[in-house]
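Here's a walk through one protein model, starting from its inside and working outwards. Keep the structure open while you read.

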Amino acid sequence: MTEGGISYFGIRHHGPGSAESLVKALQELQPVAVLIEGPVDASPLLPLLASPDMKPPVALLCYPEDDPAATSFWPFAEFSPEYQAALWAVANKAALRFIDLPSAARLAEKAPESPTDTDTAEAEPVEEQGEEATRIQDPIGTLARAAGYEDGESWWSDIIEQNPAPGPIFAAIADAMTTLRDGEGVIGKFEAMREAHMRLEIAVARKEFDGPLAVVCGAWHVPALQAAHTQKSDQALLKGMARRKTMMTFAPWTGPRLALGYGYGAGVVAPGWCKHLWQTRAQGDSSILWLARIASVLRAKGHMISTASLIEAERLARALAAIRERPKPGFEELRDASIAGLFNGEALLWKMVEAELLLGADVGEIPPDTPLAPLIDDLQRNQKTARLKPEALERELSIDLRSESGLFRSTLLHRLNVLGVNWGKLTDTGRSRGTFRERWMLAWQPEYAVQLVENLVYGPTIEKAANGRLVQMIAAAATLDTLAALVQGAITAALSEASAAGLVALEEKAAHSSECLELLASVPPLADIIRYGEARKTETERLAGLLERLIVEGSIALPYAARDLDVQAAAALIGAMRKADEAIRLVEPGEDVVDAWRGGLAAVLDSSRSTALVAGCAAHLLYEAGRLSAEGAADLLAKRLSPGTPVIDAAAFFEGFFSGAGQRLIYDEGLRGAVDAWLASLDEEAFVAHLPLLRRVFSNLDSMERRRLIEAVLGKGASLPAGLTPTPDGGEAWRRHFGLLGKLLSGEPSHG
């Protein structure tokens, strides 16, 4: 809509139809300057959008120099009208400017208004209160309901996005918005300031340029920008506006983060569909091409999709559009038609491809000369100091923690992992070769830049952001073992603030926790901290006292926790017991603490109510610690595996004792004899039924260990008889020689 040499184009942010209509209108108008709704102080960065190295989606980031965590984002997609307007202006050598309030004013607004469907992008919109809340929050929805539509998305898509037209459509939108705003009541103060600022900037451009001007803004603002206001009244509205020095840059964005479903107030329902409409605008029927894309995605996932099915789906989509009185199928009709025609009515199959199609997986790229966001800038400084260059292909990195450079590299990678930026994945903590080495696999992915931007809310540097995020995670931790793992992560990454907060929370949680599994699961991470304390220069005295307390409390709770468990609970408990025992042996706490732990194990073994699997594990740990002699262990096994014990209990005790420790049978003749006697006592049916269990127990033996066990049973130089197969007589020789050795050691399939 043109007025006094100024043409106003009310658009829908991230609307492909709006973008197409806008480009056609600009080409027809040939303005000398293009003025776009956006932070005026970011105008110098606008031409960067037209750089050949700029690959949307990207986002303009604005943040105060003294508080980088308070960042606002203005995303741009390939199909965003503002982005296309910038491309047109640069290509046609027209002046290009933002005209909205400077970013500092938006950052200073304590309660910014919720963006409407036509409003500008907000970092974290907050709904305002009081008289300012009387404004129409959803103008597009209001128009849609007046036209008989249930929602604004469908109406806007039918009228604008899928039926682009030049000038007249913008005039019609302006008229509709004028009607809505005439009855809206009091406008919010912050929005009034925005519109006043845009009017003043338009006035400045009008005096500066001789020729037509184009104003590109959210459709809701068009009537206000055209309305007659004195310069004095607009300046009065802006009096006392916040003045802060801000920093600005572009950063990569992603397709899904343009969606309403990801919390972006000015976003669209289906960014993938919008991109499809934009890219296929000159290729014919977008519906047919969309179905072809659905078929391509499904075929890539191994589903057979016939051409006939696609034809039927296309016909059904058109029929649905006609029934729903829509000019052509939208993505909703194509979705419903696909479920019926391609998925045999199975909506779950659509869910497999929905995100890929409707949200997409695009990650933008920015030119190398773009000024960077604080976290990305800090990362590049750290990468330079660490002499680590980001590479897309995987490469292995071995780190020696005893050197300053090695410790710096390790700390950086651990801090990035806290932020969810898994540039490096720890593959070997070096436990088998000492406590001073780590092995990492490095591979840089472009979306890590986006994740760093998202972490700006926690702090402007890698260290501060990692501290802030971990402190938040610690505050939300619900269990003792989770908290212990977070404290381990904080100390490993040298995050002092998070470490201090974690220790306080851990001590408080430990004082109120009596859950044995939690207590035991918290022991290994704390033990690792103490063990690595020298390498990481960590103060461990406070941790050592807490660890001893947890061990004692876990020991007291263990006999009661071991009673009457089902298989799943018993397996979880013995896993925690083994890891806790290993940790206790590594850190070597005081003798009274060790005695408390061994006493808890002995109480489990002595109790008749202890679950057999857990009792077997307790017996094995006592045996390994020397608290149960070889003769005592053999007698115990003979008793627990005797014919008087139910087979299921005997098998569970056997698994608890030998799982992960089958090599003991190679050296210990007494244990081997007790096991052999138990196997020989089983009838054929019971033996065959327990073969999976027995083979699982011996599955950790390597080929050399299996050979040595064969020799221990049959004599040195012995081997399994060639071609030995099971016989139906169920005799002792078969069970002993073939069952124990052939089935358990050779790995041949069971014929039982």
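## Inside the cores

Let's begin in the largest nonpolar core, a set of 120 residues in which Leu452, Leu520, Leu526, Leu558, Met577 and Phe657 touch the most other members. Helix α27 (residues 612–624) supplies the largest share of this core, with 10 residues. Bear in mind that this is a predicted model.

Phe657 is a good place to zoom in. Leaving out residues up to four places away in sequence, phenylalanine 657 touches Gly616, Cys617, Ala619, His620, Tyr623, Ala633, Leu637 and Leu671. There's also a second core, separate from that one, with 44 residues; Trp156, Met177, Trp220 and Met248 are among them.

## The overall picture

Stepping back, the protein has 752 residues, and 51% of them count as buried. Its secondary structure adds up to 35 helices and 11 strands. Looking at contacts with a separation of 6 or more, 73% are between residues 24 or more positions apart. On the outside, the accessible surface is about 33,000 Å², and carbon and sulfur atoms account for 53% of that.

What about disulfides? A search through the whole structure turns up zero. Two of the cysteines are worth a glance anyway: cysteine 62 is buried, at 0% relative accessibility, and cysteine 274 also counts as buried, at 9%.

## Salt bridges

How many salt bridges does a search of the whole structure find? The count is 23. In general, side chains of opposite charge can pair when their charged atoms come close. Here are three of the pairs:

| Pair | Closest N to O distance |
|---|---|
| Arginine 194 and glutamate 37 | 2.8 Å |
| Glutamate 208 and arginine 97 | 2.6 Å |
| Arginine 335 and aspartate 336 | 3.1 Å |

Take the pair of arginine 194 and glutamate 37, whose side chains meet in a salt bridge. This one links distant parts of the chain, with arginine 194 in helix α7 (residues 189–208) and glutamate 37 in strand β3 (residues 33–39), 157 residues apart. Both arginine 194 and glutamate 37 are buried.

Glutamate 208 and arginine 97 also meet through their side chains in a salt bridge. Glutamate 208 belongs to helix α7 and arginine 97 to strand β6 (residues 95–100), so this pair ties together parts 111 residues apart in sequence. Are these two buried or exposed? Glutamate 208 is partly exposed, at 45% relative accessible area, and arginine 97 is partly exposed too, at 22%.

With arginine 335 and aspartate 336, the salt bridge joins residues that carry consecutive numbers. Arginine 335 is partly exposed, with a relative accessible area of 24%, and aspartate 336 is partly exposed at 23%. They don't act as an isolated pair, either: Arg324, Glu333, Arg335 and Asp336 are linked in a network of salt bridges.

## Helix α11 and its neighbours

Helix α11 covers residues 286–300, 15 residues in all. From first C-alpha to last, α11 reaches 21 Å, close to the 21 Å expected at 1.5 Å a residue.

Which residues of α11 are buried? They are Ser286, Ser287, Trp290, Leu291, Ile294, Ala295, Val297 and Leu298. An α-helix has 3.6 residues a turn, so residues three or four places apart point the same way. The buried residues of α11 pack against four helices: α10 (271–279), α12 (307–323), α13 (331–341) and α14 (347–359). Just after α11 comes glycine 302, which takes a positive phi of about 95°.

## Two last stops

Valine 675 sits in helix α31 (residues 669–681). With a relative accessible area of 2%, valine 675 is buried. Setting aside neighbours within four places in sequence, valine 675 is in contact with Phe654, Phe658 and Leu665. Valine 675 and serine 642 are 33 residues apart in sequence, and their C-alpha atoms are 10.0 Å apart in space.

Serine 608 makes a nice contrast. It lies in the loop between α26 (591–606) and α27, the helix that gives the largest core its largest share. Serine 608 counts as exposed, at 76% relative accessibility. C-alpha to C-alpha, serine 608 and arginine 563 are 8.8 Å apart, with their positions 45 residues apart in sequence.

Methods: Residues numbered from 1 in each chain as written. Predicted model: local features only at pLDDT ≥ 70, side-chain atom pairs only at ≥ 80, totals over all residues. Heavy atoms only, no water. Disulfide = S-S within 2.5 Å. Buried < 20%, exposed > 50% of the residue type's maximum accessible area, 1.4 Å probe, protein only. Helix = DSSP H or I, 4+ residues; strand = E, 2+ residues; numbered from the N terminus. Contact = heavy atoms within 4.5 Å. Areas by Shrake-Rupley, 256 points an atom, 1.4 Å probe, with all protein chains shown as cover. Expected span 1.5 Å × (residues − 1). Salt bridge = Lys/Arg side-chain N within 4 Å of Asp/Glu carboxyl O. Core = buried A, V, L, I, M, F, W, Y, C linked by side-chain atoms within 4.5 Å.
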